[in-house]
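Dear colleague,

I am passing this structure on to you, since you have not worked with it before. Please look through the sequence and the model first, and then read the notes underneath.

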Amino acid sequence: MKNIYCIVGESGAGKSRVVEELCKRYGLIELCSYTTRKPRFKGENSHQFVSGMTIGQIHQDYPDIVAETVFDGQMYWCTQAQADAADLYVVDPAGLEMFRERYHGKKGIKAIYLKATGVTRRLRMANRGDDPAQIEARISHDRKAFAEVANLVDITVWNDALVTAVDEIWDYIQNTENKKGRGK
(Lines give C-alpha, C1' and ligand atoms only; values in the text may rest on other atoms or scores of the structure.)
Protein backbone atom coordinates (compact mmCIF):
# COMPACT_ATOMS: atom_id res chain seq x y z
CA MET A 1 0.00 0.00 0.00
CA LYS A 2 1.05 3.59 -0.63
CA ASN A 3 -0.26 4.75 2.74
CA ILE A 4 -0.44 3.73 6.36
CA TYR A 5 -3.96 4.32 7.70
CA CYS A 6 -4.00 5.60 11.27
CA ILE A 7 -7.16 4.69 13.15
CA VAL A 8 -7.88 7.25 15.86
CA GLY A 9 -10.80 6.98 18.26
CA GLU A 10 -11.85 7.33 21.86
CA SER A 11 -11.90 4.38 24.25
CA GLY A 12 -14.63 1.95 23.28
CA ALA A 13 -14.99 3.28 19.72
CA GLY A 14 -14.14 -0.20 18.41
CA LYS A 15 -10.72 0.54 16.92
CA SER A 16 -9.19 -2.88 17.59
CA ARG A 17 -12.26 -4.74 16.38
CA VAL A 18 -12.49 -2.74 13.16
CA VAL A 19 -8.77 -3.20 12.45
CA GLU A 20 -9.04 -6.92 13.20
CA GLU A 21 -11.89 -7.22 10.71
CA LEU A 22 -10.07 -5.22 8.01
CA CYS A 23 -7.01 -7.46 8.41
CA LYS A 24 -9.12 -10.62 8.29
CA ARG A 25 -11.19 -9.61 5.26
CA TYR A 26 -8.59 -7.85 3.14
CA GLY A 27 -5.20 -9.16 4.30
CA LEU A 28 -4.07 -5.82 5.69
CA ILE A 29 -1.25 -5.71 8.23
CA GLU A 30 -1.72 -4.04 11.60
CA LEU A 31 1.12 -2.23 13.30
CA CYS A 32 1.19 -3.77 16.78
CA SER A 33 2.79 -0.99 18.79
CA TYR A 34 4.88 -1.60 21.87
CA THR A 35 3.49 -0.77 25.31
CA THR A 36 4.55 -0.94 28.92
CA ARG A 37 0.99 -1.74 30.04
CA LYS A 38 -0.12 -5.22 30.93
CA PRO A 39 -2.59 -7.08 28.68
CA ARG A 40 -6.24 -6.40 29.55
CA PHE A 41 -7.14 -10.06 29.06
CA LYS A 42 -5.41 -13.38 28.52
CA GLY A 43 -4.31 -13.73 24.92
CA GLU A 44 -4.60 -10.03 24.02
CA ASN A 45 -2.41 -9.49 20.96
CA SER A 46 -3.14 -5.90 19.95
CA HIS A 47 0.26 -4.72 21.23
CA GLN A 48 3.74 -6.00 21.93
CA PHE A 49 3.82 -5.96 25.73
CA VAL A 50 7.10 -4.89 27.30
CA SER A 51 6.97 -4.29 31.04
CA GLY A 52 9.51 -2.98 33.52
CA MET A 53 11.31 -0.62 31.14
CA THR A 54 12.02 3.03 31.85
CA ILE A 55 11.57 5.69 29.18
CA GLY A 56 15.36 6.01 28.99
CA GLN A 57 15.73 2.26 28.38
CA ILE A 58 13.01 2.36 25.74
CA HIS A 59 14.73 5.18 23.83
CA GLN A 60 18.06 3.36 24.08
CA ASP A 61 16.67 0.00 22.92
CA TYR A 62 14.39 1.49 20.21
CA PRO A 63 16.34 4.37 18.61
CA ASP A 64 14.05 4.58 15.57
CA ILE A 65 10.84 5.50 17.45
CA VAL A 66 8.57 7.54 15.19
CA ALA A 67 5.56 7.84 17.52
CA GLU A 68 5.12 7.63 21.25
CA THR A 69 2.52 8.61 23.77
CA VAL A 70 1.72 8.06 27.43
CA PHE A 71 -1.79 7.06 28.46
CA ASP A 72 -2.81 6.22 32.02
CA GLY A 73 0.86 6.13 33.04
CA GLN A 74 1.80 3.60 30.35
CA MET A 75 3.93 4.29 27.30
CA TYR A 76 2.99 3.24 23.78
CA TRP A 77 5.38 3.54 20.81
CA CYS A 78 6.23 2.33 17.33
CA THR A 79 9.35 2.27 15.19
CA GLN A 80 10.12 3.31 11.63
CA ALA A 81 10.50 -0.34 10.59
CA GLN A 82 7.10 -1.25 12.03
CA ALA A 83 5.43 1.62 10.19
CA ASP A 84 7.06 0.74 6.87
CA ALA A 85 5.75 -2.83 7.14
CA ALA A 86 2.18 -2.00 8.20
CA ASP A 87 -1.07 -0.85 6.62
CA LEU A 88 -3.09 0.08 9.74
CA TYR A 89 -2.01 1.75 12.98
CA VAL A 90 -4.25 2.39 16.01
CA VAL A 91 -2.95 5.57 17.63
CA ASP A 92 -4.19 8.45 19.80
CA PRO A 93 -4.18 12.11 18.68
CA ALA A 94 -0.85 12.95 20.38
CA GLY A 95 0.78 9.89 18.84
CA LEU A 96 -0.64 10.78 15.42
CA GLU A 97 0.82 14.28 15.58
CA MET A 98 4.23 12.92 16.52
CA PHE A 99 3.99 10.23 13.85
CA ARG A 100 3.33 12.86 11.19
CA GLU A 101 6.37 14.86 12.38
CA ARG A 102 8.83 11.98 12.73
CA TYR A 103 7.87 9.38 10.14
CA HIS A 104 9.81 9.84 6.92
CA GLY A 105 9.36 6.38 5.48
CA LYS A 106 8.10 5.11 2.19
CA LYS A 107 4.38 5.58 2.86
CA GLY A 108 1.97 8.44 3.10
CA ILE A 109 -0.11 8.91 6.24
CA LYS A 110 -3.90 9.00 6.26
CA ALA A 111 -5.90 9.38 9.47
CA ILE A 112 -9.37 7.96 10.08
CA TYR A 113 -11.37 9.10 13.11
CA LEU A 114 -13.54 6.23 14.32
CA LYS A 115 -16.48 7.50 16.36
CA ALA A 116 -19.23 5.88 18.41
CA THR A 117 -21.86 7.32 20.73
CA GLY A 118 -21.06 7.67 24.41
CA VAL A 119 -23.63 4.99 25.27
CA THR A 120 -22.07 2.56 22.80
CA ARG A 121 -18.56 3.29 24.06
CA ARG A 122 -19.53 2.77 27.71
CA LEU A 123 -21.26 -0.50 26.86
CA ARG A 124 -18.25 -1.80 24.90
CA MET A 125 -15.86 -0.92 27.73
CA ALA A 126 -18.13 -2.62 30.28
CA ASN A 127 -18.39 -5.72 28.06
CA ARG A 128 -14.60 -6.00 27.85
CA GLY A 129 -14.39 -5.93 31.65
CA ASP A 130 -13.54 -2.33 32.52
CA ASP A 131 -15.01 -1.30 35.86
CA PRO A 132 -17.27 1.78 36.06
CA ALA A 133 -14.52 3.98 37.55
CA GLN A 134 -12.12 3.04 34.71
CA ILE A 135 -14.80 3.77 32.15
CA GLU A 136 -15.54 7.23 33.53
CA ALA A 137 -11.80 8.01 33.82
CA ARG A 138 -11.32 7.06 30.15
CA ILE A 139 -14.35 9.12 29.05
CA SER A 140 -13.01 12.12 30.99
CA HIS A 141 -9.48 11.71 29.57
CA ASP A 142 -10.81 11.35 26.03
CA ARG A 143 -12.82 14.59 26.23
CA LYS A 144 -9.53 16.49 26.52
CA ALA A 145 -7.31 14.28 24.36
CA PHE A 146 -9.74 14.29 21.42
CA ALA A 147 -10.93 17.91 21.62
CA GLU A 148 -9.10 18.89 18.40
CA VAL A 149 -9.05 15.51 16.63
CA ALA A 150 -11.28 16.66 13.78
CA ASN A 151 -8.42 18.96 12.67
CA LEU A 152 -5.98 16.02 12.49
CA VAL A 153 -7.90 13.47 10.44
CA ASP A 154 -8.80 12.97 6.80
CA ILE A 155 -12.17 11.27 7.33
CA THR A 156 -14.60 10.48 10.16
CA VAL A 157 -16.41 7.13 10.27
CA TRP A 158 -19.17 6.24 12.73
CA ASN A 159 -18.85 2.78 14.27
CA ASP A 160 -22.23 1.97 15.72
CA ALA A 161 -22.40 -1.02 13.34
CA LEU A 162 -19.19 -2.94 12.64
CA VAL A 163 -20.02 -4.06 9.10
CA THR A 164 -20.94 -0.56 7.96
CA ALA A 165 -17.82 1.00 9.51
CA VAL A 166 -15.51 -1.63 7.99
CA ASP A 167 -17.11 -1.21 4.56
CA GLU A 168 -16.82 2.58 4.72
CA ILE A 169 -13.16 2.44 5.76
CA TRP A 170 -12.36 -0.13 3.07
CA ASP A 171 -14.04 2.07 0.42
CA TYR A 172 -11.96 5.03 1.62
CA ILE A 173 -8.76 2.98 1.51
CA GLN A 174 -9.52 1.71 -1.99
CA ASN A 175 -10.31 5.21 -3.28
CA THR A 176 -7.19 6.69 -1.67
CA GLU A 177 -4.87 3.92 -2.88
CA ASN A 178 -6.15 4.27 -6.44
CA LYS A 179 -5.20 7.96 -6.58
CA LYS A 180 -1.79 8.76 -8.06
CA GLY A 181 1.13 9.74 -5.83
CA ARG A 182 1.82 9.36 -2.12
CA GLY A 183 -0.90 10.31 0.28
CA LYS A 184 1.11 12.51 2.66
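The notes below take up one helix pair and then two pockets.

Please keep in mind that this is a predicted model.

Helix H1, which covers residues 15–26, packs against helix H7, residues 162–177, at an angle of about 65 degrees and with the two axes 10 Å apart, and the crossing of H1 past H7 is right-handed. On the H1 side the contact is made by Arg17, Val18, Glu21, Leu22, Arg25 and Tyr26, which meet Leu162, Val163, Ala165, Val166, Asp167, Ile169 and Trp170 of H7. Sorted by class, the residues of this contact are nine nonpolar and four charged, with no polar ones.

H1 also appears in the largest pocket, where it gives the most to the lining, with six residues. This pocket has a volume of about 1000 Å³, and of the 41 residues that line it, Lys15, Ser16, Arg40, Val90 and Arg128 lie nearest its centre. Other elements that contribute two or more residues to the lining include strand E5 (65–71), helix H5 (118–127) and helix H6 (132–145). The lining is made up of 14 nonpolar, 14 polar and 13 charged residues.

The second largest pocket holds about 300 Å³ of space, and among its 14 lining residues Arg40, Phe71, Asp72, Gln134 and Arg138 are the closest to the centre. Here H6 gives the most to the lining, with four residues, and the classes come to three nonpolar, four polar and seven charged.

With best wishes

Definitions and conventions:
Residues numbered from 1 in each chain as written. Predicted model: local features only at pLDDT ≥ 70, side-chain atom pairs only at ≥ 80, totals over all residues. Heavy atoms only, no water. Axes fitted to C-alpha atoms, helices over the stretch in contact; angles between N-to-C directions. Left-handed = near helix turned anticlockwise from the far one by under 90°. Contact = heavy atoms within 4.5 Å. Nonpolar A, V, L, I, M, F, W, Y, C, P; charged D, E, K, R; others polar. 1 Å grid on protein atoms, 1.4 Å probe; cavity = no way out; pocket = protein on both sides within 12 Å on 5 of 7 lines; lining within 4 Å. Points joined across faces, edges and corners; volume = space filled by probe spheres on them.
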